[in-house]
Amino acid sequence: MGAAVQQSEGGSGGRRRGRRRGRARPMSEINVTPFVDVMLVLLIIFMVAAPLMTVGVPVELPKTAAGALPSDDEEPLTVTVTAAGEVQIQTTAVPRDELVARLRAIAAERSSDRVYLRADGGIPYAEVMQVMGALNAGGFSNVGLVTDTGGPRLDSGGE
């Protein structure tokens with residue numbers, strides 16, 4: 001696939017006379033075309049698959065101009081409040097009266113106290129604050145609110 005043999009020709013117009021002077025030498029150049037092809041295919045596969053790997057419940061997140069939070073080595077814990085008011089930890093629905101107990105059990109097993117709160121944009125502010133209070137009571141004091149980018153900027157700078 002990547003090796004070829006280079007024949008050395010004599011000085012007599014391509015005909016050989018007598019003993020062979022030169023030996024066939026292996027070509028020492030690497031053919032990178034197959035390598036580049038494979039890398040491009042893998043790049044395309046990962047670009048298509050990466051958006052599908054996000055864990056979550058479909059909610060209509062509010063749009064803001066805030067930047068992203070730095071990520072940890074540990075998989076982040078995500079709590080979601082759906083448009084119907086249902087609370088979910090990762091993808092598991094949890095009744096509101098059991099939320100604090102489950103969060104305490106999860107906090108005991110985790111090294112990080114960071115949690116991401118995803119709430120539908122149509123949920124009343126009071127419900128989001130109740131869930132944040134439950135997160136705090138459950139042992140998570142580092143709460144990050146997840147939003148979509150592209151929202152309105154409230155400063156006088158351009159958009």
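**The nonpolar core and its surroundings**

The largest nonpolar core of this chain has 17 residues, and those with the most contacts inside it are Val 79, Val 81, Ile 89, Leu 99, Leu 103, Leu 117 and Val 131. At least two residues of this core come from each of strand E4 (77-81), strand E5 (87-89), helix H2 (99-109), strand E7 (114-119) and helix H3 (125-137). H3 gives the most, with 4 residues. In soluble globular proteins, nonpolar side chains tend to be buried together. The model described here is predicted.

The core belongs to a chain with 3 helices and 9 strands. Along the sequence, these elements follow the pattern β-β-α-β-β-β-β-α-β-α-β-β. Of the 159 residues in the chain, 21% are buried. The accessible surface comes to about 11,900 Å², and carbon and sulfur atoms account for 57% of that surface. Among contacts between residues at least 6 apart in sequence, 67% join residues at least 24 apart.

Helix H3 offers a way into the core. H3 has 13 residues and reaches 18 Å from its first C-alpha to its last, close to the 18 Å expected at 1.5 Å a residue. Its buried residues are Val 128, Val 131, Ala 134 and Leu 135. Viewed down the axis of H3, these buried residues fall within an arc of 115 degrees, so they line one face of the helix. An α-helix has 3.6 residues a turn, so residues three or four places apart point the same way. On the other side of H3, Tyr 125, Gln 130 and Asn 136 are exposed.

The buried residues of H3 pack against E4, E5, H2, E7 and strand E8 (142-146). Val 131 illustrates this packing: leaving aside residues up to four places away in sequence, Val 131 touches Val 79, Val 81, Val 87, Arg 96, Leu 99 and Leu 117. After H3 comes Gly 139, whose phi is positive, near 105 degrees.

Strand E4 also contains Thr 78. This threonine is buried, with a relative accessible area of 11%. Not counting residues up to four places away in sequence, Thr 78 touches Gln 88, Ile 89, Gln 90, Tyr 116 and Arg 118.

One of those partners, Gln 90, deserves separate attention. Gln 90 lies in the loop between E5 and strand E6 (92-94). Most residues other than glycine have a negative phi. Gln 90, although not a glycine, has a positive phi of about 55 degrees. Its relative accessible area is 21%, so Gln 90 counts as partly exposed.

A further loop, between E7 and H3, holds Gly 122. Gly 122 is exposed, with a relative accessible area of 65%. Its C-alpha atom is separated by 9.4 Å from that of Ala 84, and the two residues are 38 residues apart along the chain.

Finally, a database record adds an annotation for another part of the chain. The UniProt annotation "transmembrane region", from an unreviewed entry, covers residues 30-53. In the predicted model, residues 30-53 are 71% helix and 0% strand, and the C-alpha atoms at the ends of this stretch are 36 Å apart.

Key: Residues are numbered from 1 along each chain as its sequence is written. This is a predicted model: local features need pLDDT of at least 70, side-chain atom pairs count only at pLDDT 80 or more; totals for chains, interfaces and linings use all residues. Side-chain values use heavy atoms; hydrogens and water are left out. Buried means under 20% relative accessible area, exposed over 50%, partly exposed in between (1.4 Å probe, protein chains only). Contact means heavy atoms within 4.5 Å. Accessible areas come from the Shrake-Rupley method with a 1.4 Å probe; for residues, only the protein chains shown count as cover. A nonpolar core is a set of buried Ala, Val, Leu, Ile, Met, Phe, Trp, Tyr and Cys residues joined through side-chain atoms within 4.5 Å. The expected span of a helix is 1.5 Å times one less than its number of residues. The arc is that of the directions from the helix axis to the C-beta atoms. UniProt positions are given in the numbering used here, feature names are shortened, and annotations may be inferred rather than shown by experiment.
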